[in-house]
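Work through the exercises below with the sequence and the coordinates at hand. Each task is followed by a solution in steps.

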Amino acid sequence: GWKIFVFSHAPPNGSGIRIIQENHVVNGCCWLNHSSEKNCRKFIELVREHRCIKGWFSGHFHLGQDYQDSITFPTIDPSEGPYPNRGSCVFAQTSVMRAGTSRDGRQQSRLLRGTKDGFEICTIDHKNDGKVRVDATITYRDDNHEVGVYAHEDEAYEHDNYFKVYQPQEDDHAYVCGAEDEELCMLTPDPITDETVAWWKLSCGRVLGIVNGMMLEFDKSTLAPLGLVMSHDELAGKQVAIIDSGLEECMINFEEDGMDGADCADTEQDDSREQAVLVFDDDGVTVVQPNDDGSYWRKIVRNKIARMKERRREKAAVEFAQMFLPVRTEEEAKQKTLSTWGPYTTTSGVAKSTGVEGITKKAKELNVYSS
């Protein structure tokens, strides 16, 4: 049958390739359609359903191809972890050719080379006169299965893990059981540090975890990171607990007559059980509230497409101001042109903090007023 290869700017959720927590994870822009949970997951679901998709190549992260996890296979050795459920597809990260756009100094591109039994994924090294290196050989067993073999060990500089992001695996050492079904679960018995690694499932199916001093949300199907829930400045030195929060009078039996319009029931959830995620220390308790859609990761930064459209609208507004307002120059028109936004807290390209001064963290001295 047909063999399909896909090429996209960003990789799909569930591909398993190396990503950057300090940038793409915290800003929620790792994956195709990352801003929409349903649309973000549909690509890996297509790969799982259609095993004719054999290869998926993407860039986006500006990372080199010397890391072994710049290529991931549909199956792995059971000793390395559980079955990744990536259909029959090999995913490959593609680097950049120009030095000024590389995050790690590598200047590389991919070469896909077909063979009589499958295909090879190669690296072209643009810093070494275009030298070609075979990175992986994939052999078809039949239309629905293949075997992938890495052609070399990880060749990253000093085997560095600088850009490596921890991703949960079912039943790994960091999994904290009990959060989904216990009335009280102390997830971090000790204060959180940069070395703390823990993850858990809530009763609603959402997956949260602590990595590099941050709280992240992970996709409940692929366990890929989705985004930042709480930043290091809010979590350091604190602990996390999960408690039941549904009041007894709100535990409603929907089979009883007259319960279909109950105000305190979450009619979108199959289970009426409700939980609260708490971050605490001796100074107090912070409730980590979910978003309206039930997710927890914070949509702090607008995505690039939205920001590009915003700039076009602002440019059009400046031209309008020059035509209809009493301004003499373009600079004066820019000064008189403002924007208003929805429920986002910033339009910058990098999310630095989830804290709100005066509410979830101490306000700066100049911003504190008393009546």
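**Helix 2 and the sheet**

In this predicted model, helix 2 has Cys40, Arg41, Phe43, Ile44 and Val47 as its buried residues. Part of their cover comes from strand 2 and strand 4.

**Exercise 1.** Compare the expected span of helix 2 with the distance between its end C-alpha atoms.

*Solution.* The expected span is 1.5 Å times one less than the number of residues. Helix 2 has 13 residues, so the span should be 18 Å. The end C-alpha atoms lie 19 Å apart, which agrees. Helix 2 also has a kink of about 30°, with Phe43 at its centre.

**Exercise 2.** Give the strand order of the sheet and state which strands are at the edge.

*Solution.* The sheet is open and has four strands, ordered 1-2-4-3, with mixed pairing. Strand 1 (4-8) and strand 3 (71-72) each pair on one side only, which makes them the edge strands. Helix 2 (residues 37-49) packs on this sheet and touches strand 2 and strand 4 (90-93). The directions of helix 2 and strand 2 make an angle of about 150°. Strand 1 pairs with strand 2 (residues 53-58) in the parallel sense, over five bridges. One bridge joins Val6 to Trp56 in strand 2.

**Exercise 3.** Decide whether Phe91 is buried or exposed, and list what it touches.

*Solution.* Phe91 belongs to strand 4. Buried means under 20% relative accessible area. Phe91 is at 1%, so it counts as buried. Leaving out residues up to four places away in sequence, Phe91 touches Pro12, Ser15, Ile17, Ile44, Val47, Trp56, Ser70, Ile71, Thr72 and Arg86. Val6 is 85 residues from Phe91 in sequence, and their C-alpha atoms are 9.4 Å apart.

Note on methods: Residues are numbered from 1 along each chain as its sequence is written. This is a predicted model: local features need pLDDT of at least 70, side-chain atom pairs count only at pLDDT 80 or more; totals for chains, interfaces and linings use all residues. Side-chain values use heavy atoms; hydrogens and water are left out. Two strands pair if DSSP finds at least two bridges between them. Helices (H or I, at least four residues) and strands (E, at least two) are DSSP runs, numbered from the N terminus. Contact means heavy atoms within 4.5 Å. Axes are lines fitted to C-alpha atoms, for helices over the stretch in contact, and angles run from 0 to 180 degrees between N-to-C directions. Buried means under 20% relative accessible area, exposed over 50%, partly exposed in between (1.4 Å probe, protein chains only). The bend at a residue is the angle between axes fitted to the seven residues ending there and the seven starting there.
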